[in-house]
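Colleague: I should like a close look at a single strand of this model, followed by an account of its surroundings.

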Amino acid sequence: MTNSNLNHGNHGSNLPARLFTKQSQALIYNYKEAAVQRMLDFDNVSQRDTPSVGGLIHPGSDGGMYKAFFGFKELVIPVYNSVSEACQQCPNADVFLNFASHRSAYQSSLLALREPSIQTVVIIAEGVPENEARSLISIAKKLGKVIIGPATVGGIQAGSFKIGNTAGTIDNIMACKLYRSGSVGFVSKSGGLSNEMYNVLSRCTDGIYEGIAIGGDAFPGSTLTDHALRYEKLPEVKMIVILGELGGWDEYGIVEALKRGEITKPICAWVSGTVAKIFPTEVQFGHAGAKSGGETESADAKNKALRDAGAVVPSSFEDFSNVIAATYAKLQSKGLVKPVEEPTPPELPLDFKTAVKAGKVRKPTSIISTICDDRGDELSYAGVPISEVCKEQYNMGDVIGLLWFKRKLPPYASKFFEMCLKLVADHGPCVSGAHNTIVAARAGKDLVSSLVSGLLTIGPRFGGAIDDSARVFQDAVDNNLQPSQFVEGMKSKGKRIPGIGHLIKSADEIDKRVVLLKDYAFTHFSSTKYLEYALEVEKYTLQKANNLILNVDGCIGVLFLDLLHSSGLFTQQEIKDIIDVGYLNGFFIVGRSVGLIGHALDQRRNKQGLYRHQADDVHYAL
């Protein structure tokens, strides 16, 4: 075995012995919310004075602040646009945690390595191109920086600093006693097996001092040997535990270090992948670097070499915990490790969602929804899946039926709804709503602002009379008023009759829209009691003026009364609620929005300039 066969980092590690302290802070690139909160929760149970997250980097963003919890307190973490800005604003942050994808991890990691304040770069992404990984390793060595990863979950110094999602949930951290320092230095290639080993070590020893997962790619930024040599220099570490895997030469660096006497502390080691020998051909395991190559790269060969060099190697992984416990017991018997004083970690509040899921809190909801449900796999309208709503037999009238009236209405009713929308969609550019929309659009306002300008015109005198006409005509019919009594009664109160009268239409120039509505109702509705009453009222009002006709608002209003009462689908209380709440004006609002949008787009398409009203159309009465 020559040194050229060994991976980088041997013949004495250039890595500093101590990577993290209780004051270490990280900048998190392309941050993940769960990882941020898990780091802060670890800080809380470890009783850190300052949060370990110094800042977040979201490339291309406008910056701002991100809120998270630091114990019971809500913490505001700055968000930066670039690596350089973050390092400048957070000079105490010495760890760069990179969640960028394998496609962009190289460039962002390179930027971090070149920042003087950053000492350790952690690359989470798996599958970083090997030439890029080797380039980063070379640059880091020249700059005296440390890389953990690629393809890593990170690492942890118990009671001091945790990288991202290392060690999993706060429950696992508590169970493994990672909130306080132990005596074991642990290093592995696998992040998942690291979590398992933290649990094993908490039961067989006083726990870890530090644990690192170097990552499973073929070219890790730092090696098992690098970290084992670091642990040799740390006085807090009394024994070293190593979990390797088949493939590559990294474990042989530890063998050489043991032979040269560079590592004198007890080492318990196991190289996983002994099962590979039962396969007739080369096998690729989970990690890019974990494949059964030649005999020397096999797990059995590595385990034997480690055992021959003086490491304590079990006969199987199942026996690993036993040899660790026995090795630790020897250290105890020699007085080399002292009992750890167990601190009482502060209580960590449950996140609200977690508490609700566990059934530990209850909270009144802020909103009630009885028409739509967006939970689960498929959106539903009044209980009808959206896939069903999108079938051909459903039209917009049916959608209105589901979302406004919470039921599937018969086809004649849905068609009536659509007919109303079509008839009120537009009435030319001169009516007040369209005029306001046109003026706003020509003033350069956006589409929403132009639309709203027109919609805000809707009221008792323009398009908002449908609800009021339904109310007054229903009241008149229910009280058995003669048309003359109704008209004169409204007159005596000084009130206009909603739904009666038109500015330009008259008995001589009828509104075709009203004709279409009446014809449809007489053909399809089982009862037209309210329409017939309104037409009797029209006969009476026409005796007073030729333009006091039943207009489109009034016709829609009374026909809705006929539909609601004759369909047999609604109770009297439901009908009352529909009228009182103000459903019916919604048809004018939805329908007219189509026309108002059309007018706004028409002005913009034709590049019309700012509108100014003509002075000769104004009577100046000064």
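How many of the five residues of strand E10 (residues 184-188) are buried, and what follows for its enclosure by the rest of the structure?

Modeller: The model is predicted, so local features need pLDDT of at least 70 and side-chain atom pairs count only at pLDDT 80 or more, while totals for chains, interfaces and linings use all residues. Residues are numbered from 1 along each chain as its sequence is written, and side-chain values use heavy atoms, with hydrogens and water left out.

Five of the five residues of E10 are buried, so the strand is largely enclosed by the rest of the structure. Here buried means under 20% relative accessible area, with a 1.4 Å probe and protein chains only; strands are DSSP runs of E of at least two residues, helices runs of H or I of at least four, numbered from the N terminus. In a regular strand the side chains alternate between the two faces of the sheet. In E10, one side carries Val184, Phe186 and Ser188 and the other Gly185 and Val187, and both faces are covered.

E10 also has partner strands. It pairs with strand E12 (residues 239-245) in the parallel sense, over five bridges; strands pair if DSSP finds at least two bridges between them. Within this pairing, Phe186 of E10 faces Val241 of E12. Strand E11 (residues 208-213) likewise runs parallel to E10 and is joined to it by five bridges. There, Ile212 of E11 is the bridge partner of Val187. Phe186 and Val187 thus belong to opposite faces of E10, and both are buried.

The connection from E10 to E11 involves helix H6 (residues 191-204): E10, H6 and E11 form a right-handed β-α-β unit. Right-handed means that, with the strands pointing away from the viewer, the path from the first strand over the helix to the second runs clockwise.

Elsewhere in the chain, seven strands form an open sheet with mixed pairing, in the order E3-E4-E2-E1-E5-E6-E7. Its edges are strand E3 (65-70) and strand E7 (146-148); each has a single partner strand, so one side of each lacks a neighbour in the sheet. In this sheet, strand E5 (residues 95-98) and strand E6 (residues 120-123) are parallel, paired over four bridges. Asn98 of E5 lies opposite Ile123 of E6.

Edge strand E3 also reappears at a pocket. On a 1 Å grid over the protein atoms alone, a pocket is an open set of points with room for a 1.4 Å probe and protein on both sides within 12 Å along at least five of seven lines; lining residues have an atom within 4 Å of a point. The second largest pocket holds about 470 Å³ of space. Its lining comprises 21 residues, of which Asp41, Ile170, Leu348, Asp351 and Thr354 lie nearest its centre. Helix H1 (33-45), E3 and helix H5 (170-175) each give two or more residues to this lining, and H1 supplies the largest share, six residues.

The largest pocket holds about 1200 Å³ of space. It is lined by 35 residues, and Arg461, Ile500, Gly501, His502 and Asn551 are the closest to its centre. The elements giving two or more residues to its lining are helix H17 (466-478), helix H18 (483-492), H21 and helix H23 (585-605). The largest share there, three residues, comes from H18.

Terms used. Buried means under 20% relative accessible area, exposed over 50%, partly exposed in between (1.4 Å probe, protein chains only). Grid points are joined across faces, edges and corners, and a volume is the space filled by probe spheres set on the points.
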